[in-house]
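Please open the structure in your viewer and keep the selection tool at hand. The stops below are meant to be taken in order, each one saying what to select and what is found there.

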Amino acid sequence: MAATVLHQRAFAVLFKDLERWSVSSFFTLQWRWPPDVIRPLIEALAQRSRVVDQSKTPLSELQLITLHFDGEMEPRNMKGKTAFKGKLFFAEPGEVIYSKIDVRNGAIGVIPPHLAKSAVSSEYPVYGVRPEIALPDYVKILFRTSAFRNQIGCMISGASGRKRVQPSDLEKVRVPFPPLSVQKAIIAHWHAAQEAAVKSRESVARLESEIQDTIIRALGMRAFSNNRPLIKAFAVSWQDLERWSVEFLARKLAGFNEDGNCSYETQPISSLAKGQSGGTPFKKRKEYWGGTIPWVSPKDMKSFEIFDTQDHLTEIALKESNVCLVPKDSILLVVRSGILQHTVPIAIARVPVAINQDMRAFTVTDKRLCPDFLLHFLIAQQHRLLRLVKYSTTVQSINKEQLETFPIPLPPLEIQREIVDTVTRRRQRIAEERKSAEERLARATREVEEMILGTRPVDVSGTVP
């Protein structure tokens, strides 16, 4: 950014001025604010040290916090734990916590309102925000700026594997604390951008739902409601126990397992397409990796179309390992992954690919079935595919034999193509909506950072004093 002014790449420092064995520690950021606005963090934050007496406040009455690299927080899973080794410290909503080890990765933020009566270990210093100097939401936004994170990266101490930022160092970081009216205006700008992003996500979700409804109606099938809640407590007779899985039974009671009628003939997918399972070549055989053949794993299944992958195989891997090449327009499904608790990732390969052992591919062999129609139909049948998921304590999976019998409708090809064309147009609209939303959010994020840097004027006319 124009406001970031760094020292030259080559410079000399006397040993008496060497505070830390780090070149980056000599890089300084020049804020574009009057000097009286730039103040050390400690002037706005007051360190808190409220030790939890675990003899009076048991762990079951506390909520420990998980702090993510994006500054967001959630309750930590304490299932089965009745004690915590070491000291715990109370932390309240509106207070600041950070991870000494992971603050350089962004693990710093403000505790949200829903995490009441929380506690953290000594690795997470706690600070209250002085209301006469700063607003918690402003502090939260400040922590997410690249300018602030760059400064944190310049003060790491300790061994290379366990570098920590000590409270005394963090407290010295100089950042802008403009008048509260200016902070409110910056917060309002940021909130407006977040609200717009939420509306965009809701619009995308609505369009996605409309796509599924369009396919279901065109096939004369019964619509399915995705809003049905899963029952947390229920009783089932032995005679009704189809599968030893609480998740499966909860879905059944919620109606997730209902079969839908169809106006057209249906055939099991195995009679319309060739199913193939994947494999993983030996990782230590370097001659297997780094080739030109895309190798699809669940991490690549982030869109409905696969053009390329993160990992690539060589021809040697195809000849000497259990991996096979599936042709273009094959439909790919993730059949073994923890993500199957929520969704079954599905995509179409737009180029020939190999797949790993957690995937299954279906290559259409019947001329009565269009591959793109099969793709969109399976995506619209998420709730019924989830019916096939078997749950375990380690990973979820879909049985190959059950998947092979999944019924696929066979409307005339012209109707299949009409459905594909309709879905394609709507997905283009969704892509445009997502791109527009991402651009608006990126622009707003950039504007907020420029406001905090002091390079963009802040309009305070619409804020409440």
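Begin by selecting Val296, which counts as buried because its relative accessibility is 0%, bearing in mind throughout that what you are looking at is a predicted model. Val296 has its place in strand 13, and when you show its surroundings, leaving aside neighbours within four places in sequence, you will find it in contact with Met301, Ile306, Thr309, Leu332, Val353, Ala354, Ile355, Asn356 and Met359. One of these partners, Asn356, is 60 residues away along the chain, although its C-alpha atom is separated from that of Val296 by 6.2 Å.

Which residue of strand 19 stands opposite Val296? Select Ile355, since that is the residue facing Val296 there, and then widen the selection to residues 289–296 and 353–355, which are strand 13 and strand 19, running parallel and joined by 2 bridges. Strands of a sheet pair through backbone hydrogen bonds, either parallel or antiparallel. Here the two strands belong to an open sheet of 4 strands in the order 15-13-19-16, with mixed pairing. At its edges, select strand 15 (311–313) and strand 16 (325–326), each of which pairs on one side only.

Stay with strand 13 for its aromatic residues.

By the rule applied here, the count comes to 4 aromatic pairs. For one of them, select Trp289 and Trp295, whose rings have their centres 5.2 Å apart and their planes at 85 degrees, so that the pair is edge-to-face. Trp289 counts as buried at 19% relative accessibility, where the limit is under 20%, and Trp295 counts as buried at 3%. Next select Phe373 and Phe377, whose ring centres are 6.2 Å apart with planes at 20 degrees, so this pair is stacked. Both phenylalanines lie in helix 8, 4 residues apart, which is about one turn of the helix. Phe373 is buried, with a relative accessible area of 1%, and Phe377 likewise counts as buried, at 2%.

Keep Phe377 selected and display its contacts: not counting residues up to four places away in sequence, Phe377 touches Ile215, Leu219, Met221, Phe406, Pro407, Ile408 and Pro409. Phe377 also leads into the largest nonpolar core, which has 42 residues, and in which Leu333, Ile346, Phe377, Leu378, Leu385 and Ile408 touch the most other members. The elements that each supply at least two residues of this core include helix 4 (180–218), strand 17 (331–334), strand 18 (346–349) and helix 11 (413–453). The largest share, 7 residues, comes from helix 8. Another core, of 35 residues, lies apart from it, and you can locate that second core by selecting Ile108, Ala134, Phe148 and Leu453, which are among its members.

Now select helix 4, whose 39 residues reach 57 Å from the first C-alpha to the last, close to the 57 Å expected at 1.5 Å a residue. Helix 4 is followed by Gly220, whose phi is positive, near 70 degrees.

Finally, colour the model by confidence. The chain averages a pLDDT of 85, and 84% of the residues score at least 70. Among the elements of the chain, strand 18 has the highest mean pLDDT, 97, while helix 5 (residues 246–253) has the lowest, 62. Your last selection is residues 1–8, over which pLDDT stays under 50 and for which the model has 20 contacts beyond four places in sequence.

Terms used:
Residues numbered from 1 in each chain as written. Predicted model: local features only at pLDDT ≥ 70, side-chain atom pairs only at ≥ 80, totals over all residues. Heavy atoms only, no water. Pairing = 2+ DSSP bridges. Buried < 20%, exposed > 50% of the residue type's maximum accessible area, 1.4 Å probe, protein only. Contact = heavy atoms within 4.5 Å. Core = buried A, V, L, I, M, F, W, Y, C linked by side-chain atoms within 4.5 Å. Expected span 1.5 Å × (residues − 1). Phe/Tyr/Trp six-rings, centres within 6.5 Å; stacked < 30°, edge-to-face > 60°. pLDDT = per-residue confidence, 0-100.
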